[in-house]
Amino acid sequence: MTPKVTEMNENPASTPDTSTREKSTPGAEPVLAIRDLVVELPGPDGSPLRAIDGVDLTVGRGEIVGLAGESGSGKTMTALALLGLLPQGGTAAGQMLVEGDDVLKMTPRQVRDLRGNRVAMVFQDPMTSLHPMLSVGKQLTEHLRHHKKLDKRAANARAVELLATVRIPDPERALGRYPHQFSGGMRQRIAIAIALACDPALLLADEPTTALDVTVQAGILRLLDRLRRENGLSVLIITHDLGVMSALADRVSVMYAGRIVESGPRADVLREPRHPYTRGLLDALPHPDGGNAALVPIVGSPPKLGQAPSGCAFHPRCPHAVAGCAEERPNLLALTPTHAGACPIDPLAVTASKVGTP
Amino acid sequence: MSTSSADPTARPGTPRAAASPKGGAAPGPRAARGSHPFARFVLVRLSIGLLLCVGITVLAFVLTHSVPGDPVAANLGDRAQNDPAAVAAFKEKNGLNDSLPSQYFTYLGNLLHGDMGTSQQTHRPVWDDLADKVPASVELALFAIVLALVIGVGLGIVAAVTRNGWPDRVIRVVSLAGVSMPVFWLAQVAFYVFSFKLGWIQAGGRLSPGAIPPDEITGLYTLDSLLVGDTGTFGEAFSRMILPACVLAAFNIGVLTRFTRAAVLEALGNDYVRAARAKGLPESTVIRRHVLRPALTSILTVAGLTFGGMLAGTVLVENVLSWPGLGQYAYKSALNLDLPSIMGVCLFVAVVYVVINLLVDLLYGVIDPRIRLS
């Protein structure tokens, strides 16, 4: 990891393009490469329902990749599949390479050794994701001692270092305190420190700011950005909030009904969305410079698990849908070498027609 | 990453400024006061317990003295009852001529001096009667509660972890049976099957007739015989306790299994359990530390109530299975309207309840820092 840190420092990766280029450098193995992931969950009658249907995703070293989409689009399920923590009866197929090792080919024991160690996760709500009865120190060190076989003193020293990294004031004393004695923002910092404890190659951040006050959100995002810059941390950030994406992500993938419908560098996806769904998400976002433009919600709601419509799953809600949309499922089409969308309709036309919509 | 122990004071970043006052101010006063809040918590609990005990004496006194029944008729023979002098003497001796409040205050005053009155049945101080009977029941109840806790909590955990699997289904049926069977019926059936038909277990009494009890240290025969190294007596006392203890435990095993299962299932749904799994901890650690510990508070509540309930449950078990303890004593006292003895038993059970609840409250504080620290 250390050589990568210097590499990232020389190359601050402040623009999405830089990191995309960095990612595609030959020989640079991505931290995470998901290929054709299919996740099936047991339905109410026991028959498998497809929650994720052929997802491809890569996260390069030191890169922050955003996975966007509404609730139920399969974002979190992707992360849980990677950790082998799918709900009971859930199955995953395809390939999930973490630094070249396929998680789906690992024994349960190997997956457990990966969890919290090479891949760590930060959950949405720090009010509920921290154990209320265990001291912060215990929660910071229990997996550290398990994975790295550290003794208590070494683990505590590392814990103090971690709390300092995420800027918890008075880290030594914080070790003996309990989650309820901290504010929400501080708890999420602690949760991030816990995730970083074993120096993971990849951090999965599932809606890490959604449960927090807006003022605190910015702090958490800045912390993640700093950790990427200073430590070369790779992050897969899962969120429905495209505002978070625009602040942090190098590349963005948009998920709908278990499939990726658009993916590309942040600026391309957010400025020139290729897919009407991305367009819809952006229109639903308030713009500080948008004057008195009304927010446009996406009509309807995402399909329930196992009830995805035929063809393009988005077509019932799509303002641009044509007859063919219900029949043929569009694949991701490359618009530029890095930017792809799963919609055959001309993106320029989509953008133009948007002006006309009420 | 290892090189990155950033100095927290190096950059007073703007986002931190918003969050730190809340998080930063909290530790000061809390830590400075140390364990003081907990000490106060204990003190408050103790005083409440004491008040409860006094309240219970009032309640028990009013209830026992307002039952339709005449202690004179219950305690004096036919001839004595027809002798006005004997009746007057009995009333005088037991203070039955005074007004009820005055009787109560006399009782309370005597109680403060350790005098619980004299049993009208045994003609011995109630205190001495209790001292004789209580160890037998405590021994039985302790053994039963250990059985109930180990089996009940164990089965509950297994059921929750294997939710809807076959172990869970079996355990659910068994626990339902446990809570559904009336104790007096179960006691008779168990006695008939294991003692009378199969002859596996000797029942009736704490030791075989004529056997010499071990020297009294705690009054618990099993413990005392072990303390003096008399394994023969220990085996005897232990084997005679098995049947009544199992019968007494059966209902509570059912209750504890069901409560534990519910508590563990609830705890399993916590976000921090998923977070613990995401840390890569072994499943046994996840269950023990992240599931059982939070479930423990509600299990503890039920366990406390269970132990108190067991002392009351001994009345039935002890009478059906001839266990010479508090239950039998309470039964005989009630039958004979032996008011001082009834009061004594009530008071003892009440004090046990209060003490156990106090212990449970204190244990909450030990288990849960949110209670201890706020």
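R145(A) counts as partly exposed, because its relative accessibility is 36%, and in this predicted model the residue is found in helix α5 of chain A, which covers residues 136-148. Together with K138(A), K152(A) and R288(B), R145(A) forms a positive surface patch.

Opposite charges also meet in this structure, and a search of the whole structure finds 27 salt bridges over all chains. The table lists three of them, including the N to O separation for each pair.

| Salt bridge | Closest N and O atoms |
|---|---|
| D53(A) with R50(A) | 3.1 Å |
| R289(B) with E142(A) | 2.5 Å |
| R45(B) with D361(B) | 2.6 Å |

The salt bridge of R289(B) with E142(A) crosses between chains, running from helix α14 (residues 283-320) of chain B to helix α5 of chain A. Both R289(B) and E142(A) are buried.

The side chains of R45(B) and D361(B) also meet in a salt bridge, and this pair links distant parts of the chain, since R45(B) lies in helix α3 (residues 36-66) and D361(B) in helix α16 (residues 339-367) of chain B, 316 residues apart. R45(B) counts as partly exposed because its relative accessibility is 32%, whereas D361(B) is buried, with a relative accessible area of 15%.

In chain A, which residues are linked with D53(A) in a network of salt bridges? They are E40(A), R50(A) and R329(A). Within this network, D53(A) counts as buried because its relative accessibility is 16%, while R50(A) is partly exposed, with a relative accessible area of 43%.

Notes. Residues are numbered from 1 along each chain as its sequence is written. Chains are lettered from A and ligands numbered from 1 in the order in which they are written. This is a predicted model: local features need pLDDT of at least 70, side-chain atom pairs count only at pLDDT 80 or more; totals for chains, interfaces and linings use all residues. Side-chain values use heavy atoms; hydrogens and water are left out. Patches are made of residues with over 30% relative accessible area and no salt bridge: like charges are joined within 9 Å, nonpolar side chains (Val, Leu, Ile, Met, Phe, Trp, Tyr) within 5 Å. Accessible areas come from the Shrake-Rupley method with a 1.4 Å probe; for residues, only the protein chains shown count as cover. A salt bridge is a side-chain nitrogen of Lys or Arg within 4 Å of a carboxyl oxygen of Asp or Glu. Lys and Arg count as positive and Asp and Glu as negative; His and the chain ends are not counted. The place of a charge is taken as NZ of Lys, CZ of Arg, CG of Asp or CD of Glu. Helices (H or I, at least four residues) and strands (E, at least two) are DSSP runs, numbered from the N terminus. Buried means under 20% relative accessible area, exposed over 50%, partly exposed in between (1.4 Å probe, protein chains only).
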